[in-house]
Structures are given as C-alpha cells and as structure tokens.
Amino acid sequence: MKKIIILLSVLLSFSCNSNSEKKAIESENTFIEKQFPKLEPNRYNVAFLIMDGTYNTELTAPYDIFQHTIFRENIKAMNVFTVANTDAPITTFEGMQILPDFNYVTDSLPKIDILVVPSAEHHLDTDLDDKAMIDFVKRVDTEATFMTSHCDGAFVLAEAGVLNNKVSTTFPSDIDKMRERYPNLDIRKDVLFVHDDKYITSAGGAKSFEAALYLCEYLYGKDIAISLAGGLVIDWNLKDVPHIVIE
C-alpha cells in the first residue's frame, strides 16, 4: 500500500509539472500586440535614444524635467518617449530594465522635434560602429528642432557629423579623448553645457538637469523653468551655471 501511494504521488507530480510546462510554452507563443505611447497633439515630440549600458542619470534627469512640462498651463508641452534598435528590454549600466517605446529600425516613428542622447557605457568605442544608430541620428537631424546630448552622448552626435562647425562639450574627463577623435571640432572645457544653433551638449551626470532646464527656459521663459525646477527641488538660476551660448 505504501508503494502505491508513493507511485501515485510521483505520477501526480509529473502531471502537474507537465501542465505547468505546457502553460509556459503556450504563454511564450501568445501574440501580444505592441502598445505605443499616446502622443498628444500640439506638443514637442521628445525622443530619448537608449541602448544597453545607458547611464540612468543622463536619461532620467532630462526625462523628468521634460515630462513635467505637461503639468504647466499655456505652454507647448512635451511628449516624452524612448527609442532603441530593439523591442526587447534594454538594461542600463546600473541594471534598470526599460522597455523601449519605439524601435527605430522597424517601427513607423512620429516626427521627432527634440532628440536626447544620454550617455552609454560604450559611446566611446563599439557604439560608434553601430551604423544603424548613427544613420538614425543623421535622419533625425534633418528635421529636429533641437539635438541634445549628455556626457559622452556628444560622441554619438560627433560621429554622425552633426557637430561639424559647432561648439560643443562632453564629460569633463573625456574632453581630450573627444578632441583626439574629432580634431576638427571645437570642444570646450570648464562649462556645464554649450548651446550652438540647435545643438545643446552637456557635461552630463547630475548636471543633465541644468541643461534640460536651460532648454525649458529657452522655450518657455524663466518662470516656467523655475517652476519645473521647484517641482523637483532644484535650485535654478541660469546665471549661476557655467555655460556658453553661441549667438
């Protein structure tokens, strides 16, 4: 009798595991329609270019500032969304997983008014060999109102050729590397951000907040920028921020 009970237990266990495996397989084969973000009309479309190794701060700092514009009245606010070369989750340098809103390789993209290029782990080397990404940046540049970068995201803009004849900056300790790779560019030290024409490049890190607030002050005025900063408990006075604006 004891042997029969043990045998039944084994059979039941096998049956339960089999059903569980079958459900898992069925789940994997289930088609799930991709959900795109709702983009409100009469707003700036702001795309954040992300990839594995993107640094959290250079992504989330400007994202926070720009997303909060929707809570301000009587301005042309911003639709914020992410773009990548994959539909799979990307993993940031710090380990955060983010599901991209748009795949710039396969999806039909909305017109991008502002491109944000946060820094990523391999923006000084292998990412610059990604032809699809560099070509995407070039395409966006033909129509975008602003092209912005934080930290080593400037290397991506430089590789795409959009910083030619422009003044720019990047992460302080990588300025010499950028000058060496792009000897014809005018790359400045001792500033937190540079605005030349439609290009805004920043030193990155926590100072990505300042570059994003500057763009908001440029678009909406000082009062809105102060309001956005206050909502995130940031002291904001443009005069206190080392920067260059090329007239």
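This passage looks at helix H2, its packing against helix H6, and the surroundings of isoleucine 98 in a predicted model.

Helix H2 covers residues 56-67. With 12 residues at 1.5 Å a residue, H2 should span 16 Å, and its end C-alpha atoms do lie 16 Å apart, so expectation and model agree. A good part of H2 is shielded: Asn56, Glu58, Leu59, Ala61, Pro62, Ile65 and Phe66 are buried. A helical repeat is worth keeping in mind here, because an α-helix has 3.6 residues a turn and residues three or four places apart therefore point the same way.

The partner of interest is helix H6, residues 208-220, whose axis comes within 8 Å of that of H2 and crosses it at roughly 30°. Since angles under 35 degrees count as roughly parallel, H2 is roughly parallel to H6. The crossing of the two helices is right-handed. On the H2 side, the contact involves Thr57, Glu58, Ala61, Pro62, Ile65 and Phe66; these meet Ser208, Phe209, Ala212, Leu213, Leu215 and Cys216 of H6. By character, the residues of this contact comprise 9 nonpolar, 2 polar and 1 charged.

Helix H2 also features in the surroundings of isoleucine 98, as Leu59 is buried in H2 and is in contact with isoleucine 98. Isoleucine 98 itself sits in strand E4, residues 97-98. Its relative accessibility is 15%, and because buried means under 20%, isoleucine 98 counts as buried. Beyond neighbours within four places in sequence, isoleucine 98 also touches Ile50, Ala88, Pro89, Ile90 and Thr92. Of these, alanine 88 is 10 residues away along the chain, with 8.6 Å between its C-alpha atom and that of isoleucine 98.

Conventions
Residues are numbered from 1 along each chain as its sequence is written. This is a predicted model: local features need pLDDT of at least 70, side-chain atom pairs count only at pLDDT 80 or more; totals for chains, interfaces and linings use all residues. Side-chain values use heavy atoms; hydrogens and water are left out. Helices (H or I, at least four residues) and strands (E, at least two) are DSSP runs, numbered from the N terminus. The expected span of a helix is 1.5 Å times one less than its number of residues. Buried means under 20% relative accessible area, exposed over 50%, partly exposed in between (1.4 Å probe, protein chains only). Axes are lines fitted to C-alpha atoms, for helices over the stretch in contact, and angles run from 0 to 180 degrees between N-to-C directions. Angles under 35 degrees count as roughly parallel, over 145 as roughly antiparallel, 65 to 115 as roughly perpendicular and the rest as oblique. A crossing is left-handed if the near helix is turned anticlockwise from the far one by less than a right angle, and right-handed if clockwise. Contact means heavy atoms within 4.5 Å. Ala, Val, Leu, Ile, Met, Phe, Trp, Tyr, Cys and Pro count as nonpolar, Asp, Glu, Lys and Arg as charged, and the others, Gly among them, as polar.
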